[in-house]
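Please take a moment to look over the sequence and the model shown here before reading on. The paragraphs below lead through the structure step by step.

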Amino acid sequence: MNELQPQKYRNSCLDRGLLVTMRDGELTPEETEQARAHLAACPDCAADERSMQTASQEIYELFTLLGPSQDEIPETQPVLLALQSRIEVESRREESHAAASYSTGSNIRLF
Ligand SMILES: [Zn+2]
């Protein structure tokens, strides 16, 4: 019963770079529409977007507390931090796997 989810949605999951670009309003209207349609149809990506926005918001609030010049913050900084926090969450979630694969030293995934 895979037909509930159209093939095109399953083949075009959004990556985090695209989610960040959309959050920053830098996608074309057409791309934004496609991304939103995918988010509506794909719970995985929707959850991804929500967690990313939450993380980014917390980071932006932190920067706001730290200094008045948040307009000058490079866009890569919140993205990297969001990625880092995601990696931490995932490695905690996969603790048993991590313990097993850590010894090989060759199983590090960023995504
Ligand atoms: Zn997806």
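When two helices pass one another, the crossing is called left-handed if the near helix is turned anticlockwise from the far one by less than a right angle, and right-handed if it is turned clockwise. With that term in hand, and keeping in mind that this is a predicted model, we can begin with the whole chain and return to a crossing afterwards.

The secondary structure of the protein chain consists of six helices and zero strands, so that, read from the N terminus on, the order of its elements is α-α-α-α-α-α. Of the 111 residues in the protein chain, 8% are buried. If we take the contacts between residues at least 6 apart in sequence, 52% of them join residues that are at least 24 apart.

Helix H4 covers residues 43–66, and its length can be checked by a short calculation: at 1.5 Å a residue, its 24 residues should span 34 Å, and this agrees with the model because the end C-alpha atoms of the helix are 34 Å apart. The expected span is 1.5 Å times one less than the number of residues. Within H4, the buried residues are Cys45, Glu49 and Met52.

We can now see how H4 meets helix H2, which runs over residues 16–23. The two helices pack with their axes 10 Å apart and at an angle of about 60 degrees, which means that H2 is oblique to H4. The crossing in which H2 passes H4 is right-handed. On the side of H2, the contact is made by Arg16, Leu19 and Arg23, while H4 contributes Asp48, Glu49, Met52, Gln53 and Ser56. Sorted by class, the residues of this contact are two nonpolar, two polar and four charged.

The loop between H1 and H2 contains Leu14, and it is worth asking whether Leu14 counts as buried or exposed. Leu14 has 20 C-beta neighbours inside 10 Å, and it therefore counts as buried, since the cut-off for a buried residue is 20 or more. Leaving aside neighbours within four places in sequence, Leu14 is in contact with Leu19, Ala35, His38 and Cys45. The C-alpha atoms of Leu14 and Cys42 are separated by 9.5 Å, although these residues are 28 residues apart along the chain.

Ser12 also has its place in the loop between helix H1, residues 7–11, and helix H2. Ser12 is partly exposed, because 14 other C-beta atoms lie within 10 Å. From C-alpha to C-alpha, Ser12 and His38 are 8.1 Å apart in space, while in sequence they are 26 residues apart.

Technical notes: Residues are numbered from 1 along each chain as its sequence is written. This is a predicted model: local features need pLDDT of at least 70, side-chain atom pairs count only at pLDDT 80 or more; totals for chains, interfaces and linings use all residues. Helices (H or I, at least four residues) and strands (E, at least two) are DSSP runs, numbered from the N terminus. A residue is buried if 20 or more other C-beta atoms lie within 10 Å of its own, exposed if 12 or fewer, and partly exposed in between; C-beta atoms are placed from the backbone. Two residues are in contact if their C-beta atoms, placed from the backbone, lie within 7 Å. Axes are lines fitted to C-alpha atoms, for helices over the stretch in contact, and angles run from 0 to 180 degrees between N-to-C directions. Angles under 35 degrees count as roughly parallel, over 145 as roughly antiparallel, 65 to 115 as roughly perpendicular and the rest as oblique. Ala, Val, Leu, Ile, Met, Phe, Trp, Tyr, Cys and Pro count as nonpolar, Asp, Glu, Lys and Arg as charged, and the others, Gly among them, as polar.
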